[in-house]
Structures are given as structure tokens and as C-alpha cells.
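Good morning, and thank you for the time on today's agenda. I would like to introduce a structure that is new to this group.

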Amino acid sequence: MASESIHGMWSSRLMFILAAAGSAVGLGNIWRFPYLAGENGGGVFVLVYVGCIFLIGVPIMSAEILLGRAGRQSPINTMRELAATSGASRLWQGVGWMGAIAGFMILSFYAVIAGWAISYIFQMGSGAFIGADADFAKSAFTSLTGNVWSVVGWHTLFMAITIFIAARGVGKGLETTVKYLMPALFVLLVVLVIYAAATSGHFMEGVSFLFSLNFEKFSWSAVLSAMGQAFFTLSLGMGAIMAYGAYMPKDISILGTATIIALLDTTVALMSGLIIFPLVFANGLESSAGPGLMFITLPLAFGQMPGGQIFGVIFFVLVTFAAITSSISLVEPAVAWVVEKMNTSRPVGALAVGGLAWFVGLGSAFSTNIWAGITIIGDMTFFDTMDYVANNIMLPLGGVLIALFTGWILDKKIVEDQMFADTTYYPLWRFLIRFIAPAAVMVVFIMTFI
Ligand code: PHE
């Protein structure tokens, strides 16, 4: 098997960690986690979420890195080759395909939300929110999302940035981007947590909301949301981490690295909660405001706070950076596949994949305006459907298949060869990946859908 990928390699362990953490840390942490925690009552949701991260997420992330590094190709071709060398069915390649499709579905709404975030950098910067009331904040959001031209414009800008970076390749594009944006992101986060702690006067209320257990809100659908969120936030189940694993040097420990990435990701999610909820409570706003939490409630809160204009700008710059380092990993599995399959260059692959993702994304862009009345499943718009099906069903399902393949099907020699640096925790990992992770996901599926 190849010792290097034709697409390029991360130059060090740190660069892999930054890239994978960049993929993991994104809108899932800053936009999705706080509003899900808010809707599902805080502490219990957070507890289930953290449990899923470490019992299911870290083992599956390790499996994805392992598969990627063993195959050194796009997830689709990696799965094909590893299934063949293990004497297993070619159908396992379907895991790669399902992942690529989930990637398009996720990007379709991801780029739209990221586009909104870019527009809020300018809205916050203009000072429009200073002293604004709730009606103003609501109407600012509905006039942005209700206007098909602005939504598509920002969505297009975000996708163009993604395509540009992906086109430059693994070293010059992805690695250079994460090398600068990830440290910047951490600095901005710390600045904002200090700001929330120092100025809101309600920091402890935010802390207790996130960490105190209130079992009244417990339900299996909240558990499914927490599990889906664990997959989404760690970028698991669709091949993003597998693709990044293909560019990881051989001498690096997998389990240790996956644990660091999960810790970083969880820290960022909790820090986002500690930025958002104190501001929400300080201004007497609703913690369960749903997807609008970041776009209506938070700008309103910033508008009431000293220095809110500048810190509001900082906040949305942070969100945009986090989204960029994730979206480049959402397109990578498909871009790598196009380059391998068509034998073409990165720019052509990036343009083809990004262009298609942009097109699918129009459906999500239209969901808050011209297609607002069109529902696909139940009362869910195109946008909601993509989010629900990809995150709550396809990612966990992809994750189970990855766990089963790595734990039961893949040639044990390949597994042990990749895990050579992880002898201490290898037996624990193997137990989790063979039994616990698949069983846990199945139980949640069954309890939610019966
Ligand atoms: N993990 C990213 C986030 O939390 C989203 C993502 C999902 C990225 C799947 C890549 C693959 O925002």
C-alpha cells in the first residue's frame, strides 16, 4: 500500500491536529450546539452529548483516521481497496458514497448559514444593533433570510472561498488556511469568554444552565439529537476525517491524536455556550430560541452591552473562520475522488464539486424565502430536511458501518499495523469499536423510531 497520498501530506502531527480540529470546530459548535442545548434543557443534553463524544465519537474518529491512513486515497477508493484486500464485499464502497452524498447535503445548508454569518460581520460593524430592541433584531434577521438575492449572494461568496482553498491543494490550500485561522480562532474565543464573564454579570447562570441536570426534558429524540450532534461536531460518519487521515504521516499515534481533537472540539462547544448563555440571560432573552439564537438573540444582546459593536464583529469573524476550516473538509472527500477518478487537477475537481454543492445549496438558500412554504418531511423545509436526515440519520449510520467494518471486517494485520503506537489503549478501543459504538447507535435509533 502507498506510504504517501498523491494529494499531498500534512507536514507534521500538529498540522494534522489543526486540520482535523478545524474540520471539527465549526458552526456545529458555535451555532448548533448552543441552540440544541437550549431547546433540550441544558445539562442532561450536554451530558449525553459528552458521553457520545467519548464513547462513540473518539473510537469512530480513530477508525476513520486508521482507514484513511491505510488506504491513502479518497474515502470511496479507500473503502474499495480495503474491502478488496480484506476479501470483503465491494458493497463496502457504499460507505464512501453515502459519505460523499451526506457531505453535499451538509454543505447545502452549511454554506447558507456561513453566508448569514458573513453578512452579520457587516451588520454588527455598521452599529445598527446598538441599543436595538427585539423587534429590530427579528426583522433584521427576517429581512436578510427573506431576501433571496442576499442569501444566495452570501452563500455564493462563502462557496467561492471554499472552492478557492480546496483548489490550492492539501499543502498550500488546506494546511496554510488552518495554520493561520485555527490559532486566530482560539484567541478570539478566549477574548469573548472573558468578555461574557466580565460584562454580562450572569456568567454563573450560563454555567449552571449548561451543567445542571434537569431530567424533565429527557426524551429519546433529545438523545438522538445529542448523538447526531456528536457525529456532526466531530465531522464523523461521512469521510471527512478519513480523507484527512489519508494525508497523515505514518509515525503518529491515532488514539492519542483523536482524543486531543475531541477534547479541543468539546472545549470550543462549551466555551461557545459560556459566551452565548450569559449574554442571553443578562438581557432576559429566551435560551430556547432555536436556530435563530445566534442571529437574533445574540446580536440583540451585543447591542445592549458595552463594546458590543466591536465584540459582535469579532464574534461573527470567529464564526466565519470556523465555518471555512470545516467546509474545506466537507468537500475534500469528493474533490479527492474526482481527482483520482478523472485524473484531473485540483482546481478542476474543486470547481466541479464546489459548483455542485453550491447548486444543491440553493435549495437551502431558498428555504427561508421563495421555498419557505415547501415542506419535504413533515413540516420540515428543504433546509431542515437536509440537516435532519444528514445529521441524525446518515452520519450515525455511516459511523456504525465504519465501526463494523474496522472492528469486524478489516484485515487485523492492517489494523494492528496502523495502531502500532497505541498498544496501551488498543484493547479498549477495539472493544468500543466492535461492541459499544455500534450497539449504542442502534439502541438510540430503535428507541427514537419505534
Ligand atoms: N464538524 C463541523 C462543525 O461542527 C461540521 C462538519 C460535519 C464538517 C461533517 C465536516 C464533516 O461545524
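I shall speak about the pockets, and then about the salt bridges. Please bear in mind throughout that this is a predicted model.

Let me begin with the largest pocket. This pocket holds about 580 Å³ of space. Its lining is made up of 23 residues, and those lying nearest the centre are Tyr35, Pro291, Phe383, Asp384 and Asp387. Four helices give two or more residues each to this lining: H2, spanning 27-39, H6, spanning 134-145, H10, spanning 220-233, and H16, spanning 382-409. Of these, H16 gives the most, with five residues. In character the lining is mixed, with nine nonpolar residues, nine polar residues and five charged residues.

The second largest pocket encloses about 220 Å³. Among the residues that line this pocket are Phe54, Val58, Leu255, Thr259, Asp422 and Trp429. Helix H3 (43-71), helix H12 (254-282) and helix H18 (426-449) supply at least two lining residues each. Here the division is eight nonpolar, two polar and one charged.

I turn now to the salt bridges. Side chains of opposite charge can pair when their charged atoms come close. In this model the count comes to four salt bridges, and I shall describe three of them.

The pair I take up to begin with is arginine 32 and aspartate 387, whose closest N and O atoms are 2.7 Å apart. Arginine 32 belongs to helix H2 and aspartate 387 to helix H16, so this salt bridge ties together parts that are 355 residues apart in sequence. Are these two residues buried or exposed? Arginine 32 counts as buried because its relative accessibility is 4%, and aspartate 387 also counts as buried because its value is 8%. Aspartate 387, as we heard, is also one of the residues nearest the centre of the largest pocket.

Another salt bridge joins arginine 346 to glutamate 332, with 2.9 Å between the closest N and O atoms. Arginine 346 lies in helix H15 (residues 346-366) and glutamate 332 in helix H14 (residues 308-342), so the parts tied together are 14 residues apart in sequence. Both arginine 346 and glutamate 332 are buried.

A further salt bridge brings together glutamate 416 and lysine 412, at 3.8 Å from N to O. Both residues lie in helix H17 (residues 412-418), four residues apart, which is about one turn of the helix. Glutamate 416 is partly exposed, at 39% relative accessible area, and lysine 412 is partly exposed as well, at 43%.

Thank you for your attention.

Key
Residues numbered from 1 in each chain as written. Predicted model: local features only at pLDDT ≥ 70, side-chain atom pairs only at ≥ 80, totals over all residues. Heavy atoms only, no water. 1 Å grid on protein atoms, 1.4 Å probe; cavity = no way out; pocket = protein on both sides within 12 Å on 5 of 7 lines; lining within 4 Å. Points joined across faces, edges and corners; volume = space filled by probe spheres on them. Nonpolar A, V, L, I, M, F, W, Y, C, P; charged D, E, K, R; others polar. Salt bridge = Lys/Arg side-chain N within 4 Å of Asp/Glu carboxyl O. Buried < 20%, exposed > 50% of the residue type's maximum accessible area, 1.4 Å probe, protein only.
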